Amino acid sequence: MVPLENYLVLSAIVFALGVYGVLARRNAVLVLMAIELMLNAVSLNFIAFAAYLDPGKITGAIFAVFIITVAAAEVGLALAIVIRLFRNRATSNVDEAAILKW
Amino acid sequence: MRDYTIFIPEYIAAGSAVAIIGLELFMPKFRKDGLAYLTALAAVAWFVAGLFFIGKDPKSFQGLIASDDFTTYFRLLAAGIVFVVALMSAHYMRDRTKTASEYYGLMLVGGCGMVYMAAATELITAYISLELLSFTLYILVGYLKRDNLSSEASLKYILLGAFSSAMFLYGMSLIYGVTGSTTYAGIAEALSGRESGTDPAVIVGFMLILAGVGFKVSAAPFHMWAPDAYEGAPMPVTAFLSTLSKAAGFALILRLFSAAIVVDAAEWRWAVMVLAALTMTMGNLIAIQQKNLKRLIAYSSIGQVGYMLITIAAIGYGDPQGGINATSGLLIHIIGYVASTLLFFTALTAAYNKTGRDDIDGLKGLAETQPFLALVITCSLFSFAGLPFFAGFATKLFMFQGATTSETMWVVGLAVLNSFISLYYYLMIIRQMYLYEPVGETARWKVNPVLGGLAVALVLAVLFIGMYPGPAFTVSEEAAKPLFEPGVATGMARVP
């Protein structure tokens, strides 16, 4: 059986990639994808913990289901907002959304 | 126990939200300010229903969510905030949008989100209610669809909000991995049962949770979304953001930190203290150079968050009695802060409806053209700064008193110093109103009677709390007690 550590390392790597994506990407849609990556890392963590440390109980798996649901809603909402920004300004680049600063 | 009656007030609020949205769906011609008054009515019903829950035995829904005096405190606070903000928005939204029902519906739903955040005693519930509130705020901030600033503010808010939720969740997953439980009681039990010694997973988990909730209450260095969201949002939404979302964040922090992870306080309390010192200093220093009123209030509220965070650190340093003192100090300051903020924004909305300007220069000569509003704004600013006879003074005093332990002394001193800095930029606003001649039109104008009445009521409330804080203090102390009862916070065995 694959040891728990492998899952945790994988999820940490995916999470770090997500953080990198949020910081480095310039397109709002790609930033959203990076955030999805972070949330998936969290789900992986929860499921791995639930399977290895908490046998018989499925709290972690339930948490993962909730995260997936909320993440879907979040993306729907965020895309709607991106589309609105695009209509107002014809850009989805987060760098160009810079009227508000300091 | 499955007791579905413990959240009847929230059913009323959520039901009214659906009814208001349905009303506009079937009667598109319904007056838009009429919807605001209906929302205010729903908030009153919510408040009255909440009154029946005062002092009742705490009840828990299968250990997931609890209804006790702490929950009821935030229930009444949420109803009050929704009431004031709905009345504040009546004319503002009528003049700017064609559909307003979602706006008012979401406001009620957001209020429910805050109550559930205060009530949650389990991580999944806490997360879902946090997102319930956040989602409504994302939409409300961007409610003015064709407004460039509004949509930009909303985009920035949702991207950073989602990012912070992910961090919060990662922290939760680590805590779940260490403790094997998601209920606060289970986490506290597992943490105190652990043989001592620092566990890196626990520390990383705490820090990520702190970063996540720090984002939500806009503590520095996680505050960058707040000024943008405040400035871009419609004026009443800014009031909603700076009162309800702050109070809700602290409700979640209080319950989570005092019931679940207080047993390992040694591993997070220093971080909270540093966060508090950083937050208040940055907020107040950056506020000095602001030109836009909403942005200035955003930074000033960041400063206030810094003061409030000291009490969280004090909970980590004190015993249960010290915890009650610190928590009740925080709760009473939330009342004072919410009252002054709502007062400020009521007056500012009235001025904005007339002049259409939200920068500090826009208030030039307000004492000439509208002396009543100038007086009201002055009252609220004095209350923010904590001058005697205004709510801010009494509540801040109680909070600092409750937060003072031998370890947190230096931050409290820094907070007092910061209060003096804040007085400078509040006086700058007052100077604009009283010492300059009005630009353009110099004739007196009348304040809308709803906003005027609201402002008078809030001024009276601010003065009442400032001169006679007894009732507010009793309320906060009763609300703080359930968090520190033995059994709820299992094993207050603290790490020295």
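Where chain A meets chain B, the contact draws on 34 residues from chain A and 31 residues from chain B. This is a predicted model, so please read every number here as computed from it. On the chain A side, helix H1 (4–24), helix H2 (28–53) and helix H3 (59–89) each supply at least two residues to the surface that touches chain B. H3(A) gives the most, with 17 residues. Sorted by class, this side of chain A has 26 nonpolar, four polar and four charged residues.

Let us look at chain A as a whole. Its secondary structure comes to three helices and zero strands, and the pattern along the sequence is α-α-α. A compact globule of 102 residues would have a radius of gyration near 13 Å, but chain A has 17 Å. Its C-alpha atoms fill a box of roughly 50 × 25 × 25 Å along the principal axes. Buried residues make up 32% of the 102 residues in chain A. Of the contacts in chain A with a separation of 6 or more, 49% come from residues 24 or more positions apart.

Now turn to chain B, which has 19 helices and two strands. For its 496 residues, a compact globule would have a radius of gyration near 23 Å, and the 22 Å of chain B agrees with that. The C-alpha trace of chain B spans about 75 × 55 × 40 Å along its principal axes. Buried residues make up 64% of the 496 residues in chain B. When contacts in chain B between residues at least 6 apart in sequence are considered, 82% join residues at least 24 apart.

A good place to step into chain B is B:Leu169, which is found in helix H6 of that chain. Is B:Leu169 buried or exposed? It has 28 C-beta neighbours inside 10 Å, and a residue is buried at 20 or more, so B:Leu169 counts as buried. Setting aside neighbours within four places in sequence, B:Leu169 is in contact with A:Leu39, A:Val42, A:Ile67 and B:Tyr127. By contrast, B:Leu169 and B:Met467 are 298 residues apart in sequence and 43 Å apart in space, C-alpha to C-alpha.

The contact with B:Tyr127 leads on to the packing of H6(B) with a neighbouring helix. The axes of helix H5 (residues 123–141) of chain B and helix H6 (residues 148–179) of chain B come within 9 Å and cross at roughly 170°. Angles over 145 degrees count as roughly antiparallel, and therefore H5(B) and H6(B) are roughly antiparallel to each other. Among the residues making this contact are B:Tyr127, B:Ser134 and B:Tyr138 of H5(B), with B:Ala153, B:Gly161 and B:Leu169 of H6(B). By class, the contact of H5(B) with H6(B) has nine nonpolar, five polar and one charged residues.

H6(B) also packs against helix H8 (residues 200–217) of chain B, where the axes come within 8 Å and cross at roughly 150°. H6(B) and H8(B) are therefore roughly antiparallel to each other, and their crossing is left-handed. The residues that meet include B:Phe168, B:Gly171 and B:Ile175 in H6(B) and B:Gly205, B:Leu208 and B:Gly212 in H8(B). By class, this contact has 16 nonpolar, six polar and one charged residues.

Beyond H8(B), the loop between H8 and H9 of chain B holds B:Pro221. A cis peptide bond joins B:Ala220 and B:Pro221, with omega about 0°. Next comes helix H9 (residues 225–232) of chain B: eight of its eight residues are buried, so H9(B) is largely enclosed by the rest of the structure. The buried residues include B:Trp225, B:Asp228 and B:Glu231. They pack against H5, H6, helix H10 (235–259) and helix H12 (293–317) of chain B.

Two backbone details in chain B round off the walk. Most residues other than glycine have a negative phi. B:Gln62, although not a glycine, has a positive phi of about 50°. B:Gln62 lies in the loop between strand E1 (59–61) and strand E2 (65–67) of chain B, and is exposed, with 11 other C-beta atoms within 10 Å. B:Phe389 is not a glycine and has a positive phi of about 75°. Its place is the loop between helix H15 (371–385) and helix H16 (391–403) of chain B. With 14 C-beta neighbours inside 10 Å, B:Phe389 counts as partly exposed.

Notes: Residues numbered from 1 in each chain as written. Chains lettered and ligands numbered in written order. Predicted model: local features only at pLDDT ≥ 70, side-chain atom pairs only at ≥ 80, totals over all residues. Contact = placed C-beta atoms within 7 Å. Helix = DSSP H or I, 4+ residues; strand = E, 2+ residues; numbered from the N terminus. Nonpolar A, V, L, I, M, F, W, Y, C, P; charged D, E, K, R; others polar. Axes fitted to C-alpha atoms, helices over the stretch in contact; angles between N-to-C directions. Parallel < 35°, antiparallel > 145°, perpendicular 65-115°, else oblique. Buried ≥ 20, exposed ≤ 12 C-beta atoms within 10 Å, placed from the backbone. Left-handed = near helix turned anticlockwise from the far one by under 90°. Rg over C-alpha atoms; globule rule 2.2 N^0.38 Å.
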